[in-house]
There are 2 protein chains.
Amino acid sequence: MPRSGEDARRRLQDAALALFRERGYDHTTTAEIAAQAGVTERTFFRHFPDKREVLFESQEKLATALTQAIAEAPQDLSPMAVLQRAFQQVAPRFEANRSYSLPRQELIERTPILKERETSKLGALSQTLAVSLERRGIDGFRAQLAARSGMAIFALVLDAWFKDPSRSLADYFSRAFVELGRL
Amino acid sequence: MPRSGEDARRRLQDAALALFRERGYDHTTTAEIAAQAGVTERTFFRHFPDKREVLFESQEKLATALTQAIAEAPQDLSPMAVLQRAFQQVAPRFEANRSYSLPRQELIERTPILKERETSKLGALSQTLAVSLERRGIDGFRAQLAARSGMAIFALVLDAWFKDPSRSLADYFSRAFVELGRL
DNA sequence: ATCGTTGACGTCAGTAACTGTCATTATATT
DNA sequence: AATATAATGACAGTTACTGACGTCAACGAT
């Protein structure tokens with residue numbers, strides 16, 4: 001068996017985040033990232049389909065975790081309750097990695113083209129959640145609506161928690177779902 | 001006064017949509033679009049900051065229309081009622097232009113990179129709506145949540161209406177807001 | 001220990017999106 | 001007709017991204 005490539009991949013991700021934060025996203029070339037990681041530019045594009053994607057592996061993992069959490073939820077819960085439960089289950093991921101996810105989020109927030117990729121990923125994620133809800137027997141339109149409103153909460157809560165971590169994510173989620181009920 | 005440039009702009013938009021639909025987005029170069037419009041590639045990028053943006057001028061107009069509709073809504077309405085009213089007001093735009101907006105939407109739907117731009121624009125739009133709601137005295141978090149849930153409805157309704165135009169947009173909107181209340 | 005397999009990596013050439021700069025052209029106004 | 005001004009053309013340059021092909025490193029089998 002040949003070498004794994006996992007090392008190079010991680011080095012590329014680290015180098016990218018570091019350089020993006022130092023010089024800004026568009027003043028960093030993929031060649032520079034590759035050089036700092038000790039590989040060629042070509043190798044960068046073997047690991048990531050484009051320059052932005054180097055920052056979004058965690059989001060992929062989040063998607064699978066949420067999908068699994070929904071699939072395992074008890075059958076008698078309402079759509080929104082299922083989502084709330086799933087969100088609470090993945091919350092520790094963020095609270096354990098704030099030192100990584102916070103600077104990453106700051107970078108994304110101040111870089112329009114990265115923000116675009118992030119919103120797009122969240123949109124795709126809500127689509128995935130909708131499918132998961134449908135698999136539980138929920139009507140298509142209701143599932144879509146619940147998933148999208150749920151993702152709205154998810155994004156808002158994370159945003160609030162990044163700005164003020166004094167309250168727990170669980171707390172933020174609970175309050176947000178109550179708020180949605182009032183609208 | 002010099003020439004206006006509006007003609008070239010419209011020709012570029014028409015050429016782009018036509019070519020994208022014929023050959024697909026990524027098998028069409030900006031140079032080809034420019035040639036078909038009778039201008040240079042450089043002129044393309046004077047009118048649009050990037051290749052995708054040539055398809056999204058209508059979305060900008062939608063944003064201003066919605067913002068205005070919210071600002072003009074009676075003061076005693078709930079956030080969701082304000083949004084519903086605003087959506088109903090802009091609905092005729094789509095029903096009058098289905099022959100343009102449907103093929104455009106089909107193209108966006110089958111082109112990931114265009115879909116990404118669209119979701120991003122909708123995200124930005126919901127941010128704008130949130131600000132409009134805040135200006136009406138609605139609390140920040142509630143405004144954000146209402147705006148995002150509202151945009152979820154907006155996107156879902158349009159999608160449904162594109163697939164089945166036998167029911168009116170007004171009808172779709174009414175039912176969707178009722179559905180959201182039930183979640 | 002050697003060998004062969006396999007997938008990661010390097011090298012190189014090429015395309016196309018996008019930008020900066022400066023000269024030129026078209027039109028409304030005087 | 002002369003002029004001011006914004007749109008356009010011309011051209012060089014950077015950088016993201018791709019295809020093709022050869023090389024190398026790690027592991028299993030012998």
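**Chains A and B, and DNA strand D**

Modeller: Four residue pairs, with both partners at pLDDT 80 or more, are in polar contact between chain A and chain B, and this is a predicted model, so the pLDDT of the residues matters for such counts.

Biologist: What makes the pair A:Glu116 and B:Arg117 a salt bridge?

Modeller: The closest N and O atoms of A:Glu116 and B:Arg117 are 2.7 Å apart, and the rule asks for a side-chain nitrogen of Lys or Arg within 4 Å of a carboxyl oxygen of Asp or Glu, so the pair qualifies. Across the interface of chain A and chain B, the rule finds six salt bridges.

Biologist: Which elements of chain A supply two or more residues to the side that touches chain B?

Modeller: They are α5 (79-96), α7 (112-135), α8 (140-163) and α9 (169-182) of chain A; α8(A) gives the most to that side, with 11 residues. By class, the residues on the side of chain A that touches chain B divide into 12 nonpolar, four polar and seven charged.

Biologist: How many residues does each chain bring to the contact, and what area is buried between them?

Modeller: Chain A brings 23 residues and chain B brings 24 residues, while the area buried between the two chains is about 2400 Å², with carbon and sulfur atoms giving 70% of it. Of the area that chain A buries against chain B, 28% is supplied by A:Glu116, A:Leu156 and A:Leu183, which is more than any other three residues supply.

Biologist: Turning to the DNA, why is the approach of B:Thr40 to strand D called a polar contact?

Modeller: An N or O atom in the side chain of B:Thr40 is 2.6 Å from a phosphate oxygen of DNA strand D, and the cut-off for a pair of N or O atoms is 3.5 Å, so the pair counts. A backbone N or O atom of A:Lys51 also lies 2.6 Å from a phosphate oxygen of that strand, whereas for a backbone N or O atom of A:Thr28 the distance to a phosphate oxygen is 3.5 Å.

Biologist: Which residues surrounding DNA strand D are the closest?

Modeller: Of the 23 residues that surround DNA strand D, the closest are A:Lys51, B:Pro2, B:Thr40, B:Arg46 and B:His47. The surface near the strand divides into six nonpolar, nine polar and eight charged residues, and its largest share, four residues, comes from α3(B). On the DNA side, 53% of the strand D atoms within 4 Å of the protein belong to sugar or phosphate, and the rest belong to bases.

Conventions
Residues numbered from 1 in each chain as written. Chains lettered and ligands numbered in written order. Heavy atoms only, no water. Near = heavy atom within 4 Å. Polar contact = N/O pair within 3.5 Å; in protein donor to acceptor, adjacent residues only side chain to side chain. Nonpolar A, V, L, I, M, F, W, Y, C, P; charged D, E, K, R; others polar. Contact = heavy atoms within 4.5 Å. Buried area = accessible area lost by both parts, 1.4 Å probe.
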